[in-house]
Amino acid sequence: MKKGLLIILSGPSGVGKGTIRKYIMDNFKIQISYSISMTTRPQREKEVDGVDYYFVSNEEFDKNIANENFLEWEEFVGNRYGTPKDKVEELRNKGKNVLLEIEVNGASEVMNKVNDDRVISFFLMPPNIDALESRIRRRKTESEEIIQARLNKGRSEMKMADRYDHVILNDDVARASQEIVDLIKKKLKK
Ligand code: 5GP
């Protein structure tokens with residue numbers, strides 16, 4: 001059996017990675033399992049533990065690092081986020097395609113670490129920096145200080161776009177999703 005494809009979806013905070021991921025999973029007949037990350041970030045009102053993230057304490061996150069449970073983990077604007085390793089491998093070994101929605105440093109680490117050729121990476125690019133700002137503000141979940149920190153981080157993240165297999169402009173959710181799905185299908189045929 002062919003190993004499942006590892007799909008990396010990255011890009012700056014506020015670009016709409018989550019929206020694109022959900023749109024793809026809801027609207028296309030393509031098998032994709034979403035890898036749920038672990039985080040120390042406080043849970044937002046609309047988020048569900050075990051669906052959006054596994055929300056854990058700093059102590060629990062430390063334990064997972066010590067036990068080498070992460071494929072990668074990163075600190076992002078004051079909180080830590082990590083990709084559980086075993087789950088990703090288990091699914092891929094069963095032939096399932098797995099999508100990681102992660103920030104750029106973690107994405108680089110995964111691209112360096114996973115050395116089979118069943119990996120495809122996407123960098124989602126906002127049409128402009130104002131689009132990031134308005135999306136983060138619309139969410140109404142972060143303080144002004146955190147918003148500014150996320151925007152600063154976003155500016156440096158955008159410089160990493162050329163490390164990815166594909167840069168996708170998120171000018172329209174349906175169009176960008178279609179472009180991603182077409183590229184995944186093409187890769188799956190190889
Ligand atoms: P948020 O707090 O907005 O949910 O996530 C902040 C950033 O962390 C986003 O860019 C998100 O994609 C990223 N992120 C989520 N899970 C992981 C993970 O497991 N590893 C890494 N490196 N980044 C993650």
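Strand E1, which covers residues 6–10, and strand E7, which covers residues 98–101, pair in the parallel sense over 4 bridges. Within this pairing, Ile-7 stands opposite Leu-99 in E7. The model in which these strands appear is a predicted one, and it is a useful place to begin reading a fold. Strands of a sheet pair through backbone hydrogen bonds, either parallel or antiparallel.

The pairing of E1 with E7 belongs to an open sheet of 5 strands, whose order is E2-E7-E1-E8-E9 and whose pairing is parallel. At the edges of this sheet stand strand E2 (33–34) and strand E9 (166–169), each of which has a single partner strand, so that one side of each is left without a neighbour in the sheet.

There is also an open sheet of 4 strands, which run in the order E4-E3-E6-E5 and are joined by mixed pairing. Here the edge strands are E4 (54–55) and E5, each of which pairs on one side only. The partner of E5 is E6, and these two strands pair in the antiparallel sense over 6 bridges; if you look along them, you will find that Glu-75 has Arg-80 in E6 as its bridge partner. The loop between E5 and E6 contains Val-77, a residue other than glycine whose phi nevertheless has a positive value, near 40°.

Strands E5 and E6 also lead us to the ligand, since strand E5 (70–76) and strand E6 (79–84) each supply at least two residues of the shell around the ligand. In total, 16 residues surround the ligand, and the closest are Ser-37, Arg-41, Tyr-53, Glu-72 and Tyr-81. When the residues of this shell are sorted by character, they divide into 4 nonpolar, 4 polar and 8 charged. The space that the ligand takes up is the largest pocket.

Several side chains of the protein reach oxygen atoms of the ligand with polar atoms of their own. In the side chain of Arg-41, an N or O atom is 2.5 Å from an oxygen atom of the ligand, while a polar side-chain atom of Arg-150 lies 2.8 Å from a ligand oxygen. For Thr-83, the distance between a polar side-chain atom and an oxygen atom of the ligand is 3.3 Å. Taken on its own, the ligand has 510 Å² of accessible area, and the protein covers 95% of that area.

The last stop is a helix, and both of its ends deserve a careful look. At the start of helix H5, which spans residues 129–139, a side-chain oxygen of Asn-128 reaches to within 3.1 Å of the backbone nitrogen of Asp-130. An α-helix has 3.6 residues a turn, so residues three or four places apart point the same way. Just after H5 comes Lys-140, which takes a positive phi of about 50°, and this is a positive value in a residue other than glycine. Lys-140 has its place in the loop that lies between H5 and helix H6 (144–157).

Key. Residues numbered from 1 in each chain as written. Predicted model: local features only at pLDDT ≥ 70, side-chain atom pairs only at ≥ 80, totals over all residues. Heavy atoms only, no water. Near = heavy atom within 4 Å. Polar contact = N/O pair within 3.5 Å; in protein donor to acceptor, adjacent residues only side chain to side chain. Areas by Shrake-Rupley, 256 points an atom, 1.4 Å probe, with all protein chains shown as cover. 1 Å grid on protein atoms, 1.4 Å probe; cavity = no way out; pocket = protein on both sides within 12 Å on 5 of 7 lines; lining within 4 Å. Sits in = over half its atoms within 2 Å of the grid points. Nonpolar A, V, L, I, M, F, W, Y, C, P; charged D, E, K, R; others polar. Pairing = 2+ DSSP bridges.
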